[in-house]
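Reader: I should like to take a close look at a single part of this protein. Could you please describe that part and its surroundings in a connected way?

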Amino acid sequence: VVAGENYTARNFQREVTANTLLGETYSTKKNGSAGVIINANSNTANVIVADVQAVNGIIHAIDTVILP
């Protein structure tokens with residue numbers, strides 16, 4: 001969860017670094033035609049579904065669990 005931000009897939013056309021509510025830093029980057037990669041605490045996840053609009057923000061489904 002990133003407080004106060006609504007990142008859409010459009011934001012991931014460039015590298016983005018964000019701080020979570022737990023104080024962790026995540027970075028995202030576009031990986032050519034493979035999609036978007038999220039790097040967090042030496043863990044990597046791929047976004048498999050982007051821009052799911054929810055009442056309180058935007059959800060991006062990833063292919064693995066990222067632990068803090």
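Author: Asp-51 is partly exposed, since its relative accessible area is 38%, and partly exposed residues are those between the limits of 20% and 50%. In this predicted model, Asp-51 belongs to strand β4. Its backbone deserves attention: Asp-51 has a positive phi of about 60°, although it is not a glycine. Most residues other than glycine have a negative phi. Asn-41, in the loop between β3 (36-40) and β4, likewise is not a glycine and has a positive phi, of about 50°. Asn-41 counts as partly exposed because its relative accessibility is 34%.

Strand β4 covers residues 43-54 and is joined to β5 by 5 bridges, the two running antiparallel. Within β4 and β5, Val-47 stands opposite Ile-62. Both strands are part of an open sheet of 5 strands, in the order β1-β2-β3-β4-β5, with antiparallel pairing. At the edges of the sheet stand β1 (16-19) and β5 (57-62); each has a single partner strand, so one side of each lacks a neighbour in the sheet. On average, neighbouring strands of this sheet are turned by 35° against each other, direction ignored.

Strand β4 also contributes to the surface. A nonpolar patch there consists of Ile-48, Val-49, Val-52 and Ile-59, which together have about 330 Å² of accessible area. The largest share of this patch, 3 residues, comes from β4. Ile-48, located in β4, counts as exposed because its relative accessibility is 56%, and the limit for that class is over 50%.

Terms used:
Residues are numbered from 1 along each chain as its sequence is written. This is a predicted model: local features need pLDDT of at least 70, side-chain atom pairs count only at pLDDT 80 or more; totals for chains, interfaces and linings use all residues. Side-chain values use heavy atoms; hydrogens and water are left out. Two strands pair if DSSP finds at least two bridges between them. Helices (H or I, at least four residues) and strands (E, at least two) are DSSP runs, numbered from the N terminus. Axes are lines fitted to C-alpha atoms, for helices over the stretch in contact, and angles run from 0 to 180 degrees between N-to-C directions. Patches are made of residues with over 30% relative accessible area and no salt bridge: like charges are joined within 9 Å, nonpolar side chains (Val, Leu, Ile, Met, Phe, Trp, Tyr) within 5 Å. Accessible areas come from the Shrake-Rupley method with a 1.4 Å probe; for residues, only the protein chains shown count as cover. A salt bridge is a side-chain nitrogen of Lys or Arg within 4 Å of a carboxyl oxygen of Asp or Glu. Buried means under 20% relative accessible area, exposed over 50%, partly exposed in between (1.4 Å probe, protein chains only).
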